[in-house]
Amino acid sequence: MIKAVFKCNPQGNISSFKITGHAQSGPYGQDIVCSAVSAISIGTINSLQDVAGVQPQVQMNNEMGGYLECQVNYSDIKEHDQVVAAVTLMDSCYQISTSIAANYSDFIQITLDKSA
């Protein structure tokens, strides 16, 4: 099962996500849940860099897969427009992930941690 934890900063904005595990909803190369989650999470990171102009802190396991972590430090971003774009992208990643989980709950679990 894929487990994704999205964390909010004290202002209530999603500032990080950590995705672990494997969906195992189909054979390797045909796992649509894994493909969807990978596309959304990597797409978010790429968009943070290319669209928002923000460099998130990213950790991943390239060899075995099944681990991706992304954190945005909003306080380090100077331009207001970049903050707005980054907040929107992180929120979108969460919203799309919850939509996947609603349809494939046997393979993915989403948690929103507002305790920051």
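## Two helices and a strand with two partners

Helix 1 and helix 2 are roughly antiparallel to each other, a term kept for angles over 145 degrees, while those under 35 count as roughly parallel, 65 to 115 as roughly perpendicular and the rest as oblique. This is a predicted model in which local features need pLDDT of at least 70 and side-chain atom pairs count only at pLDDT 80 or more, whereas totals for chains, interfaces and linings use all residues. Residues are numbered from 1 along each chain as its sequence is written, and side-chain values use heavy atoms, with hydrogens and water left out.

Helix 1 covers residues 32-50, and its angle with helix 2 is about 175°, with the two axes 9 Å apart; the axes are lines fitted to C-alpha atoms, for helices over the stretch in contact, and angles run from 0 to 180 degrees between N-to-C directions. Helices (H or I, at least four residues) and strands (E, at least two) are DSSP runs, numbered from the N terminus. Among the residues that make the contact (heavy atoms within 4.5 Å) are Val 37, Ile 40 and Ser 41 of helix 1 and Leu 89, Met 90 and Ser 97 of helix 2. The residues of this contact divide into 11 nonpolar, 4 polar and no charged, where Ala, Val, Leu, Ile, Met, Phe, Trp, Tyr, Cys and Pro count as nonpolar, Asp, Glu, Lys and Arg as charged, and the others, Gly among them, as polar.

Ser 97 deserves a second look: it lies in helix 2, which spans residues 80-103, and it counts as buried because its relative accessibility is 7%, buried meaning under 20% relative accessible area, exposed over 50% and partly exposed in between (1.4 Å probe, protein chains only). Leaving aside residues up to four places away in sequence, Ser 97 touches Phe 6, Ile 40, Ile 108 and Ile 110.

Turning to the strands, strand 2 is mostly covered, with 5 of its 7 residues buried. Strand 1 (residues 2-8) runs antiparallel to strand 2 and is joined to it by 6 bridges, two strands being paired if DSSP finds at least two bridges between them. Val 5 stands opposite Lys 18 of strand 2, and the two strands form a hairpin with 5 residues between them, where Gly 12 in the turn has a positive phi of about 90°. Strand 2 is also joined by 5 bridges to strand 4 (residues 67-71), again antiparallel, and here Ile 19 stands opposite Leu 68.

Ser 15 lies in strand 2, residues 14-20, and counts as buried because its relative accessibility is 10%.
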